[in-house]
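Here's a quick bench-side briefing to read next to the structure. Pull up the chain, keep the residue numbering handy, and follow along topic by topic.

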Amino acid sequence: GDGTPDEPFDSSNPIYLGSLNNFGDQVSASGFILDSTDQDAFQFNFEDDGGIWELFGDSDNFSCVLFNIPESLDAILTVVDPDGNSYVVDGSGYGGDESFTWEGSYLFEDGGTYSVFISSYEGDSCLTEYTFTCTKFED
């Protein structure tokens, strides 16, 4: 945990942030990573609009961006879908933003509860708060 009033919020006790139901909806959070063993966990619900519109392709998508990362932290952004599949993003190194985009699958239900984990590959963010946002968009 990171010492914020909501701690600990790790994989056993994630903070629920809300829902991405309509295009433009956004959830966000901030926190600190105290050391390489610290992990912050969040959840949100993603609504996949199906029905007749699925015949024209699936335009339900979301993107998550982890930013305001201090130079002292090489952050890892992990997104876990409702089926338990993990998508790990760690390509930017110390102080670099990380991003992930979920592209909806045609004729497949992508909706449900998604989990987001923020952790450290190396370093910490004791003095600087990171921020992440997830936004539903249409392509």
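What follows is a short tour by topic, from confidence through the disulfide and the strands to a few loop residues.

Keep in mind that this is a predicted model. The chain averages a pLDDT of 87, and 86% of the residues score at least 70. The weak spot to know about is residues 1-5, where the pLDDT is below 50.

**Confidence**

- Residues 1-5, with their pLDDT below 50, still have 13 contacts in the model beyond near neighbours in sequence.
- For the chain as a whole, the average pLDDT is 87.

**Cysteines**

- How many disulfides does the count come to? The count comes to one disulfide.
- That disulfide joins Cys64 to Cys134, with an S to S distance of 2.1 Å.
- Cys64 sits in strand β4 (residues 60-67) and Cys134 in strand β9 (residues 130-138), so the pair ties together parts that are 70 residues apart in sequence.
- The torsion about the S-S bond of Cys64 and Cys134 is about 110°, so this disulfide is right-handed.
- Are these two cysteines buried or exposed? Both Cys64 and Cys134 are buried.
- Cys126 is partly exposed, because its relative accessible area of 36% falls between the 20% and 50% cut-offs.
- As a chemistry reminder, a disulfide is a covalent bond between the sulfur atoms of two cysteines.

**The four-stranded sheet**

- Four strands make an open sheet with antiparallel pairing, in the order β2-β9-β4-β7.
- β2 (26-31) and β7 (98-103) are the edge strands, each pairing on one side only.
- From one strand to the next, the twist averages 10°.
- β4 and β9 run antiparallel and are joined by eight bridges; these are also the strands that hold Cys64 and Cys134.
- Across that pairing, Val65 stands opposite Thr133 in β9.
- On the other pairing of β9, six bridges link it to β2 in the antiparallel sense, and Gln26 stands opposite Thr135.
- Which face of β2 is covered? Val27, Ala29 and Gly31 make up the covered face of β2, while Gln26, Ser28 and Ser30 make up the uncovered one.

**Strand β5 and its partners**

- Eight of the eight residues of β5 (residues 73-80) are buried, so this strand is largely enclosed by the rest of the structure.
- Both faces of β5 are covered, with Leu73, Ala75, Leu77 and Val79 buried on one side and Asp74, Ile76, Thr78 and Val80 buried on the other.
- β5 runs antiparallel to β8 (residues 112-123), and eight bridges join the two.
- In that pairing, Thr78 of β5 stands opposite Phe117 in β8.
- β5 also runs antiparallel to β6 (residues 86-89), this time over four bridges, and Tyr87 in β6 is the bridge partner of Val79.
- β5 and β6 form a hairpin with five residues between them.
- In the turn of that hairpin, Gly84 has a positive phi of about 90°.

**Ser125, in the loop between β8 and β9**

- Ser125 is found in the loop between β8 and β9, and at 1% relative accessibility it counts as buried.
- A polar atom of the Ser125 side chain lies 2.7 Å from the backbone nitrogen of Ile33.
- Not counting residues up to four places away in sequence, Ser125 touches Gly31, Phe32, Ile33, Pro70, Ser72, Leu73 and Tyr130.
- Among those contacts, Gly31 belongs to the covered face of β2, and Leu73 is one of the buried residues of β5.

**Ser36, in the loop between β2 and β3**

- Ser36 lies in the loop between β2 and β3 (39-46).
- With a relative accessible area of 48%, Ser36 is partly exposed.
- Ser36 and Ser119 are 83 residues apart in sequence, but their C-alpha atoms are 7.2 Å apart in space.
- Leaving aside neighbours within four places in sequence, Ser36 is in contact with Ser120 and Gly123.

**Asn68, in the loop between β4 and β5**

- Asn68 has a phi near 60°, a positive value in a residue other than glycine.
- You'll find Asn68 in the loop between β4 and β5.
- Asn68 counts as partly exposed, at 43% relative accessibility.

Methods:
Residues numbered from 1 in each chain as written. Predicted model: local features only at pLDDT ≥ 70, side-chain atom pairs only at ≥ 80, totals over all residues. Heavy atoms only, no water. pLDDT = per-residue confidence, 0-100. Contact = heavy atoms within 4.5 Å. Disulfide = S-S within 2.5 Å. Buried < 20%, exposed > 50% of the residue type's maximum accessible area, 1.4 Å probe, protein only. Pairing = 2+ DSSP bridges. Axes fitted to C-alpha atoms, helices over the stretch in contact; angles between N-to-C directions. Polar contact = N/O pair within 3.5 Å; in protein donor to acceptor, adjacent residues only side chain to side chain.
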